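Trainee: Could we go through this structure together? I would like to begin with its overall organisation.

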Amino acid sequence: MNIELNGDTVEIFSPPLTSLLTVLREELDVTSPKVGCEAGGCGACTVLVDGTPRRTCLTPVAAVDGAAVTTVEGLGTADNLSTVQQSFIHHHAAQCGFCTPGMVVSAGAYLDAGGTDDRKAIQEALRGHVCRCTGYYKIIEAVAAAATQSRFDTTTTAEDASTVVLSGGSS
Ligand code: FES
Ligand code: FES
């Protein structure tokens, strides 16, 4: 079996029913997909398979043989982050970061599909992604901003995001 991982073709030697999550983390040393519930309920393990968000804990690697798999590392580099990665940083949309790789790849897929800054649509796109640290306000604002703006200053924090921290959630 093989997959195209973030643009590179890699051969897989794990047994076919091994979860894609285990293959990514333990065979290929790609640790951004996180081990959360391992039951399809938290979204921490999400990657893109042929551009569509997929829970890797529930996906046998044989089911993605030949597919293009994109993890958060594949969206951009440290020197050239994708728009949604920049926006998450600028809007302080992560705390511990455990849920963040899954959130970011799903948000990226939403935006690539023409997603807008409609908050309800963003909530729907991120449904099933659980963040244990924070409210979802800044995450949703980061995605909404990325729908209307292509670059963000990652050395500063969006004013509304810090206001929310201080004011307890109202904008
Ligand atoms: S670890 Fe896969 S959905 Fe929670
Ligand atoms: S930032 Fe910690 S779980 Fe979401």
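Mentor: A term is needed beforehand: domain bounds here come from an automatic or database domain assignment. Please keep in mind that this is a predicted model.

Trainee: Understood. Which domains does the assignment of the chain give?

Mentor: The chain is assigned a domain 1 covering 2-74 and a domain 2 covering 83-154.

Trainee: How far apart do the C-alpha centres of the two domains lie?

Mentor: The C-alpha centres of domain 1 and domain 2 are separated by 21 Å.

Trainee: And how many residues are in contact between them?

Mentor: Domain 1 has 16 residues in contact with twelve residues of domain 2.

Trainee: Which elements give two or more residues to the domain 1 side?

Mentor: Strand 3 (46-49) and strand 4 (52-55) do so. Strand 3 gives the most, with three residues.

Trainee: What is the chemical make-up of that side?

Mentor: The domain 1 residues touching domain 2 divide into eight nonpolar, seven polar and one charged.

Trainee: Changing topic to the helices: at what angle do helix 3 and helix 5 pack?

Mentor: Helix 3 (residues 100-112) packs against helix 5 (residues 137-148) at about 35°, and their axes are 10 Å apart.

Trainee: Is that crossing left-handed or right-handed?

Mentor: The crossing of helix 3 and helix 5 is right-handed.

Trainee: Which residues meet there?

Mentor: From helix 3, Met103, Ala107, Tyr110 and Leu111 meet Ile139, Val143, Ala146 and Ala147 of helix 5.

Trainee: How do the residues of that contact divide by polarity?

Mentor: The contact of helix 3 with helix 5 comprises eight nonpolar residues, no polar and no charged.

Definitions and conventions:
Residues numbered from 1 in each chain as written. Chains lettered and ligands numbered in written order. Predicted model: local features only at pLDDT ≥ 70, side-chain atom pairs only at ≥ 80, totals over all residues. Axes fitted to C-alpha atoms, helices over the stretch in contact; angles between N-to-C directions. Helix = DSSP H or I, 4+ residues; strand = E, 2+ residues; numbered from the N terminus. Left-handed = near helix turned anticlockwise from the far one by under 90°. Contact = placed C-beta atoms within 7 Å. Nonpolar A, V, L, I, M, F, W, Y, C, P; charged D, E, K, R; others polar.
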